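Reader: I would like a close look at one helix of this protein and at what its residues do in the core, in the salt bridges and on the surface. Could you take me through it in one connected account?

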Amino acid sequence: MNSNNDPNHSPLRDVAQSPEATARYLADVQRVLLDIGKNLETLAHETRVHLRDTHVEGDRWYHARLRAMPVEKALGQVLKNLNNLTAGLEKSAYKRRAHDEAVVNTAKERKEKELEKHRKKNPPVLQAAPNSPQQGAQPQNSGYSAPKSIYDLGRESA
């Protein structure tokens with residue numbers, strides 16, 4: 001079935017299936033949001049200057065600032081949320097790539113586990129070395145003699 005004729009086809013479905021395409025798409029969205037963020041920062045600054053300069057007759061010096069604080073706080077919260085959103089987009093692009101790597105590594109790990117399980121069930125048979133005395137060879141002496149009885153242990157340990 002052709003994806004162009006499919007009524008349920010979503011263009012983001014193709015993007016979601018590829019980590020590279022997902023990273024590109026999220027980077028584009030992040031770029032747009034950062035541009036919007038710059039405009040919002042400028043707007044917040046200009047709003048702050050205007051609101052703090054707006055005095056009403058009978059105001060004390062801090063009244064304009066107090067009236068401006070809720071607006072400044074709301075714009076600051078929007079900027080904070082925007083920064084968290086852009087950081088989240090970047091993090092999700094990394095997580096998407098890590099997911100694909102984990103999928104690839106999972107298949108390899110399962111294959112290795114299966115081989116290890118097979119090795120444990122069927123251990124290789126080790127052949128004993130032939131015990132043929134060599135002619136004319138002196139027995140190796142490591143400098144220690146084995147105790148002959150348990151009474152010799154006391155003398156050997158010193």
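Author: Helices here are DSSP runs of H or I with at least four residues, strands are runs of E with at least two, and both are numbered from the N terminus. On that basis the elements of this protein, which is a predicted model, run α-α-α-α from the N terminus on, with four helices and zero strands. The helix to follow is α3, which spans residues 63–121.

The core comes first in this account. The largest nonpolar core consists of five residues, namely L26, L33, L82, L89 and A93. Helix α2 (19–53) and helix α3 each supply at least two residues of this core, and α3 gives the most to it, with three residues. As background to this core, 13% of the 158 residues of the protein count as buried.

The salt bridges come next, and the count for the protein is six. In one of them the side chains of E72 and R52 meet at 2.9 Å, N to O; this pair links distant parts of the chain, since E72 lies in helix α3 and R52 in helix α2, 20 residues apart. R52 counts as partly exposed because its relative accessibility is 23%, and partly exposed covers the range between under 20% for buried and over 50% for exposed. Another salt bridge joins the side chains of R67 and D59 at 2.6 Å, N to O. Both partners are partly exposed, R67 with a relative accessible area of 42% and D59 at 25% relative accessibility.

For a contrast within helix α2, the side chains of D28 and R31 also meet in a salt bridge, at 2.8 Å, N to O. These two residues are separated by about one helical turn, because they stand three residues apart in helix α2. D28, at 41% relative accessibility, counts as partly exposed, and so does R31, at 49%.

The surface completes the picture. W61, Y62, L66 and M69 make a nonpolar surface patch of about 470 Å², and of these L66 is found in helix α3. Because its relative accessibility is 47%, L66 counts as partly exposed. A patch of positive charge is also found on the surface, where R110, K113, K117 and K121 gather. K113 lies in helix α3 and counts as exposed, because its relative accessibility of 63% is over the 50% cut-off.

Note on methods
Residues are numbered from 1 along each chain as its sequence is written. This is a predicted model: local features need pLDDT of at least 70, side-chain atom pairs count only at pLDDT 80 or more; totals for chains, interfaces and linings use all residues. Side-chain values use heavy atoms; hydrogens and water are left out. Patches are made of residues with over 30% relative accessible area and no salt bridge: like charges are joined within 9 Å, nonpolar side chains (Val, Leu, Ile, Met, Phe, Trp, Tyr) within 5 Å. Accessible areas come from the Shrake-Rupley method with a 1.4 Å probe; for residues, only the protein chains shown count as cover. A salt bridge is a side-chain nitrogen of Lys or Arg within 4 Å of a carboxyl oxygen of Asp or Glu. Lys and Arg count as positive and Asp and Glu as negative; His and the chain ends are not counted. The place of a charge is taken as NZ of Lys, CZ of Arg, CG of Asp or CD of Glu. Buried means under 20% relative accessible area, exposed over 50%, partly exposed in between (1.4 Å probe, protein chains only). A nonpolar core is a set of buried Ala, Val, Leu, Ile, Met, Phe, Trp, Tyr and Cys residues joined through side-chain atoms within 4.5 Å.
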